[in-house]
Amino acid sequence: MKKILVLTDFSEASHNALAFARSFFSDSVVNFHLLCTNSLEPAIGPADIAQTTRTNYASQLQHIITELHREATNDWHTYRSSSRPG
């Protein structure tokens with residue numbers, strides 16, 4: 001099994017990178033891990049803005065994972081995601 005880390009910022013370019021990786025490894029057993037990083041501290045405003053941002057990123061990642069499962073044509077690919085400060 002291959003383990004592939006895919007960084008995302010939810011842009012079209014990162015979506016295309018994920019699509020390419022899925023296509024490139026279409027005949028392999030792969031565990032894809034989607035990672036989105038966020039600021040350690042909010043650039044401006046209260047700390048709850050940073051928490052809201054992390055929650056939004058986690059929600060967007062879960063939506064992507066749900067779509068990937070829906071689009072799956074085989075069981076060879078598995079997906080995980082995480083949003084981390086950094």
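How many of the 86 residues of the protein chain count as buried? In this predicted model, the share is 29%.

**Overall layout**

Starting at the N terminus, the elements go β-α-β-α-β, which adds up to 2 helices and 3 strands. Now for the contacts between residues at least 6 apart in sequence: 78% of them join residues at least 24 apart. As for the outside, the protein chain exposes about 5900 Å², with carbon and sulfur atoms supplying 55% of that area.

**Two residues to look at**

Let's take Ser-83 and Trp-76 side by side.

| Residue | Location | Relative accessible area |
|---|---|---|
| Ser-83 | strand 3 (residues 77–85) | 16% |
| Trp-76 | loop between helix 2 (47–71) and strand 3 | 40% |

Ser-83 sits in strand 3. Its relative accessible area is 16%, and buried means under 20%, so Ser-83 counts as buried. What is Ser-83 in contact with, leaving aside its neighbours within four places in sequence? The partners are Cys-36, Asn-38, Arg-54, Tyr-57, Ala-58 and Leu-61.

Trp-76 belongs to the loop that links helix 2 and strand 3. Is Trp-76 buried, exposed or partly exposed? With a relative accessible area of 40%, it falls between the 20% and 50% cut-offs, so Trp-76 is partly exposed. Trp-76 also shares a nonpolar patch on the surface with Met-1 and Val-29. Together, Met-1, Val-29 and Trp-76 offer about 330 Å² of accessible area.

Note on methods:
Residues numbered from 1 in each chain as written. Predicted model: local features only at pLDDT ≥ 70, side-chain atom pairs only at ≥ 80, totals over all residues. Heavy atoms only, no water. Helix = DSSP H or I, 4+ residues; strand = E, 2+ residues; numbered from the N terminus. Buried < 20%, exposed > 50% of the residue type's maximum accessible area, 1.4 Å probe, protein only. Contact = heavy atoms within 4.5 Å. Patch = residues over 30% accessible without salt bridge, like charges linked within 9 Å, V, L, I, M, F, W, Y side chains within 5 Å. Areas by Shrake-Rupley, 256 points an atom, 1.4 Å probe, with all protein chains shown as cover. Salt bridge = Lys/Arg side-chain N within 4 Å of Asp/Glu carboxyl O.
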